[in-house]
Structure formats: C-alpha cells, structure tokens
Amino acid sequence: MHEMISGVFHAAFQNPMLDTRHDAAVLASPGQRLAFTTDSYVVHPLFFPGGDIGSLAVYGTVNDLAMSGARPLFISTGFIIEEGLPMETLVRIARSMSAAAQKACVQIVTGDTKVVERGKGDGVYINTAGIGVLEHDSVISPLEVRPGDLILVNGDLGRHGMAVMASREGLEYESEITSDSAPLATLVQKLMGAGVPLHCLRDITRGGLSATLNEIAEAAGLNFLIEEDLIPVRADVRGACEILGLDPLYVACEGRLVLFIPEPHLKQALAVLRDDPCGKQAAVIGRVRGPDPRGLVCSLSPIGVERVLDMLSGEQLPRIC
Amino acid sequence: MKYLDEYRDPALARKISRAIHRITTKPHVIMEICGGQTHAIVKFGVDVLLPGQITLVHGPGCPVCVTPLELIDKALDIAARPEVIFCSFGDMLRVPGSGKDLLTVKAEGGDVRIVYSPLDALSLAKANPSRQVVFFAIGFETTAPGNAMAVYQAYQQQIKNFFMLVSHVLVPPAMRAILSSPQNRVEGFLAAGHVCAVMGYEEYIPIAREFKVPIVVTGFEPLDILQGILMVVRQLEQGRYEVENQYSRAVKRGGNAPAQEIIKEVFEVAPRKWRGVGDIPHSGLKLREQYQSFDAEGRFGLSGMTREEPEECISGLILQGLKKPGECPAFGQRCTPQHPLGATMVSSEGACAAYYRYRRFTDFGKPRERGVIS
C-alpha cells in the first residue's frame, strides 16, 4: 500500500503540500470567501474516447467550483480500488489526473486509498472534494435569474454521454464520438474579468440540458422558453441518438454549462466565449419569461409548436423500434 | 442533418398544413397506428397545425404498451431466477408488472441486461454456457425478423441455453378489430412505415376495400406525418378508400422478402392477448413446433399464468381511438408515468405518457411564431 501511494500517487501529483506527507494538507487561504464542493465518480468503462475516470473527476470537481464563480485551487481524491485492478491502470488514471489538474490550474493536495474485495467494486471509484476562492462580490445563483435574461450554452451537447455509452455497449458509429469533458473555470474567470454579469451558471451533467434547466427554473420560480433549432448538437450525436431512440437534450455532458445573462451583455459574452477553446460553438438557446410557480421549461419545436420540456424520472432507456 | 432536417422544415410544414386546411370541408377521425408516430405528433405539435375538424386518435402500435400484464409477470419471474441472464430492450425495464418492474428485479440481484439486438443475447448464451439466457421478444412485425434470426441461428448452432419469451403482435388484425367494433369512429389510417418496410402494404388492400377506409403508409418525421394526413384527408374528401404510400423512400409494395421469409420459417400466426384491448384472433406470432425448445414459457413452466388489469384504466378505449388521454379522470392524477394504472401510461411511446410528458398543462399545444428569442 505504501509503495502504491508513493509510487503511483505521489509520483503523479507531487507538489509541496502533498509532499509533506502529513494527515492533512495545510493550505494558505488567499481570500475571504471560499467555495467548497464534493463529488464521486463511478463511470464505466474507466477509459472512453476523449477521457477517463481520472480526468473526469478533476474536471467535474473544478466545474462545480467554477459554477459559483470561484477560482479552483485545491482538490482531494479518495480512491476505492477493487482488488485485482492492474497497477498500470491505476498509473494511467493517476497520470491523467495529474495532466487534468495542470490543465485546470488546480493542485491535488491530499488523498486516500482503500482496497475492497474483488467483486465489490467496479475497478475503481473516485471521490473528490474541491476548494476554490471567490475573488468577486457577485452572487451566482438560480435566485439571481431575472425575466428577460438570455439562456446560453458554451458548445454542442450530448457528446460525453454518447461516447461513454458507445464504449460501454460496444456500439460503433461511423465517426468516433469523443467526450466533451473539459475544465470550465478559466472560461468563467474570463467572462467575469470582462465584466459580463453572470446571473446563474450550471454545468450540464447527468440528465442533460433538460435536467439542468428544470432545476434552475424550479428553484427560481420562473418560466423558460428554448428553441430546439438553436441548440447545438453535432450531426453524429443526433444520428446516434435517433438510432437508439434517445433525446440529446437528456444526454450527459462533462464540459458544458448553461449561462443566464442580461440581454445587453450578449455580444460581449459571445465574444469572450467564442474566443475560448471551450466556447467556440457557444449559442443563445432561449430566454427567461415571467414568474411561474410551476417552474416550467418550455420548448419550441422545429415546426413552431410549444411544449413542456420536462425532467426525466430516471435514465433514458434505448427504445425497441 | 441529412434525412432529418428536411423532414422538420418549418416552411414546408406550414405549406402542407395550409393544404390540409384548404381541402378539409367536414370532420374526419384519423388514427395513426404506431406509438412512434403518436410520440412525434405530440412532441412536435403536428396536431396543432391541423384544422379543428380533424381529430387524430392514437392506435395500439406501441409494443411496450400492448404487452399483456401476465407476460411481464412471467418475465419478472424468469429474470429473478439465479441461473438466468435475462435480456431485454431498454424500454421494457421500467414497465411495471403486477408488483414490480425488471429494474427492481435487477436491483434485487437478478441478472437483467439491456441488449440492442437479440443476436447480442445469443452471443451471451454462447459465452455463458452454464447460464440460461432468455430474451424478451416483444414488438410488431418490425422486431420479428431479428428475433426470428436469433432463434434460427440458435437452432442451426445447437445452442441449448438460449430461450425467448415471445409476445409478438401483428398490425392488420388489430386494425380489423378496431374497424369491426360497433363504436368505431376511425375513418382513415396512417399505417406504420417501418412495419410496411418489412411486410410491404399488400395486406392492407383488402382492409381498405372491406371497411371502405383510406390507409396511407406513413413515415415518422413531422413532415411525413403531415403529408400522410393530407393524403388521407384528400381520399376522404374525394370518397376514395385506397392504400397509398407516403413513405416511398423506405417502403416497397412487396416489403423485404428475406425478412418475411425468416419470420415465416420460425414463427406461425397465433391468437394474442393485447394489454388494454383483450384477445384478438390471429393477431400474434408464436414459435413453430420445430423451434418450441427455445420457448421460455415452456422451459420455465409458466404457460398457465394470467393477470387482470386495474378496472379504472381506460387504455382499451384509448388504443381503439374511442377516447383521448385527457378524457380519463385518472390522467395525471391517480395515473402518471411514475405510477401508471395501465397500458398507455407505461411506455414513453404510449399515448397517455406522450400527453403527460408534453401537454400536461392546458396552456400548451398552441402554434407560435418562431424567433421570439433573438
């Protein structure tokens, strides 16, 4: 165990705080307000086109911090390892986490490992916590969303979910669909730096765009209208979804967020977004309408009829025909 | 995206909608057979673009919906056995039987797996010779060829641990049952394009003549459906009752001959019970004598099991076009997708589930001008 910790994890994550090898990392706090989050990762398979459980864990944690407008600083990682997991798999995951942490400008400063009996885990599970610092006074929350706000996304939707599903189920598409997994904190920092008022941000994960919008609409008590034609979804993702009977609006992403901003700042926001590698295909997809105690998200179909865009009660299941 | 966007074009949709408005002079009731079409109609709002005189009613073509309760209970019974790997298409997993659903059986330790093809289940049987692999073979003529092929290959390769729980149903006998009912109000049909891609459309010609109803083979995109409706309305207004093919890009008159042959090789026509509707003679498929050893009901001794539906559910009336979901007092109250009372609420393709999902508030289902956002 000791060898594994020093050989695999310290080697991959080395930094002065981790290198003290103490029970807790002592961190210098550069600001007054901190953001703190935790998340767990149980993806299967562990490696998929465009990412793996390690990079996903880092980006997912960073993105949760970024949605409050925080600059992510430190991450903890807990590994639940199933007996018999090949050491080279663990090394690959640790190296991927290290590269992801560098890309996302965070440090992995403390960690833990536990081994469970064979058959009691799915290779490896990762739990993380993340700390970020808020260097501004603005509040980013569903309660800050206002009627008239525009709803934006930073890029095309559904690639992560379809990439993982394809590699899990052995489905082959004509072109390889790679995960959209990416860190979003830099993008958010740039938007704040440019003075774009961010009323609300939320990363689009499980449940897809639909779940994300519904959660915010419900919390805000407002009514949203989106136009399906305005939502960027790549042709190969749409095709794969059509074949399987899935709706891309419910498919998970890992490097996408929705943004609520006041209309006068649209041009400025789009300029910043499209200048960043994570925002090249940013688009306006909808608008906040008036108060609505039901917190409904509505959607305009391509042929111009409005309907409810609801939240699914479970995972989408592929259809029979 | 090619083959999708051109069939969702808003300008063309308005154009066909205007043509339907122009030729409609009296009320008509039209039924789309297929649950996929029901779903597309309610999701895209195709019905909203029609004149008030045209009523769309939603047929029995949702395979998940019409699978009888006792068959789901049989599936649950088999799936819970430790020696079994139970394989199903994804959307059957959440359909409740009398007590629970397949997802619950899975959570309780049953080996339940989603497959994308019956041949995947056959591969599982080959890879796990010590287990009994059972595939839940439900659906219409669309899934029958693939299921037949899996049984045929199992027979050829002498695979002894592969079985099918068969609940296949056929479209034309269901149309006859609807049209023969004294309360029938359906005057024209949109026939399901994918069923006809397999079977062709010659078997619909005697139905159109006998019952004097126009039948139009129709695709699944909004423009397909609008055009299919236009073709039915045109026939109704002109007093014609013929079989026409809107979906000519996929459907030929004779259908797919090799697919029909494999169905005939493995299955024979049999009476079937339809959830919500009841027994319909000659309306399903069962394994032929030669392939009986692959029958899961026989293998697991479940042939005698029967179940009754909750009395409050009116899905039988909905599946025959006699009522619409909103006319049921339980809709959205005591009956929701989380707690369905019956057939048409259990599957995402069921008519009640489609209305619940897209239209459960009365301020929806109105046409709007686009471009309100930017």
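Visitor: What makes S6(B) and strand S11 (residues 278-287) of chain B a pair?

Guide: They run antiparallel and share two bridges. Two strands pair if DSSP finds at least two bridges between them, so these two qualify. Strands here are DSSP runs of E with at least two residues, helices are runs of H or I with at least four, and both are numbered from the N terminus. Opposite Val169(B) you'll find Gly284(B) in S11(B). Keep in mind that this is a predicted model, where local features need pLDDT of at least 70, side-chain atom pairs count only at pLDDT 80 or more, and totals for chains, interfaces and linings use all residues. Residues are numbered from 1 along each chain as its sequence is written, while chains are lettered from A and ligands numbered from 1 in the order in which they are written.

Visitor: Why are S4 and strand S10 (267-274) of chain B said to stand at the edges?

Guide: Start with the sheet: it is open, with six strands in the order S4-S3-S5-S6-S11-S10 (chain B) and mixed pairing. S4 and S10 of chain B each have a single partner strand, so one side of each has no neighbour in the sheet. From one strand to the next, the twist averages 25 degrees. Helix H6 (residues 118-127) of chain B packs on the sheet, touching S3, S5 and S6 of chain B, and its direction makes about 170 degrees with that of S5(B). Those axes are lines fitted to C-alpha atoms (for helices, over the stretch in contact), with angles from 0 to 180 degrees between N-to-C directions.

Visitor: Why is Cys105(A) called buried, exposed or partly exposed?

Guide: Partly exposed, because it has 14 C-beta neighbours inside 10 Å. The rule says 20 or more other C-beta atoms within 10 Å for buried, 12 or fewer for exposed, and partly exposed in between, with C-beta atoms placed from the backbone. Cys105(A) lies in the loop between helix H4 (87-103) and strand S5 (107-116) of chain A, and it has a positive phi of about 60 degrees although it isn't a glycine.

Visitor: And what makes Lys212(B) count as buried or exposed?

Guide: Its neighbour count inside 10 Å is 12, so Lys212(B) is exposed. This residue also has a positive phi, near 55 degrees, without being glycine. It sits in the loop between helix H10 (205-211) and strand S8 (215-218) of chain B.

Visitor: How do you know that helix H4 (residues 69-79) of chain B is mostly covered?

Guide: Eight of its 11 residues are buried, including Leu69(B), Lys74(B) and Ile78(B). Among the elements that the buried residues of H4(B) pack against are strand S3 (84-88) and helix H13 (296-299) of chain B.

Visitor: What makes the largest nonpolar core a core, and how many residues has it?

Guide: It has 131 residues, and those with the most contacts inside it are Val134(B) and Ala191(B). A nonpolar core is a set of buried Ala, Val, Leu, Ile, Met, Phe, Trp, Tyr and Cys residues joined through C-beta atoms within 7 Å. Helix H11 (residues 222-238) of chain B gives the most, nine residues. Leaving aside neighbours within four places in sequence, Val134(B) is in contact (C-beta atoms, placed from the backbone, within 7 Å) with residues including Ile78(B), Phe86(B) and Ala296(B). Another core, of 94 residues, lies apart from this one, with Val43(A) and Leu198(A) among its members.

How values were computed. Contact = placed C-beta atoms within 7 Å.
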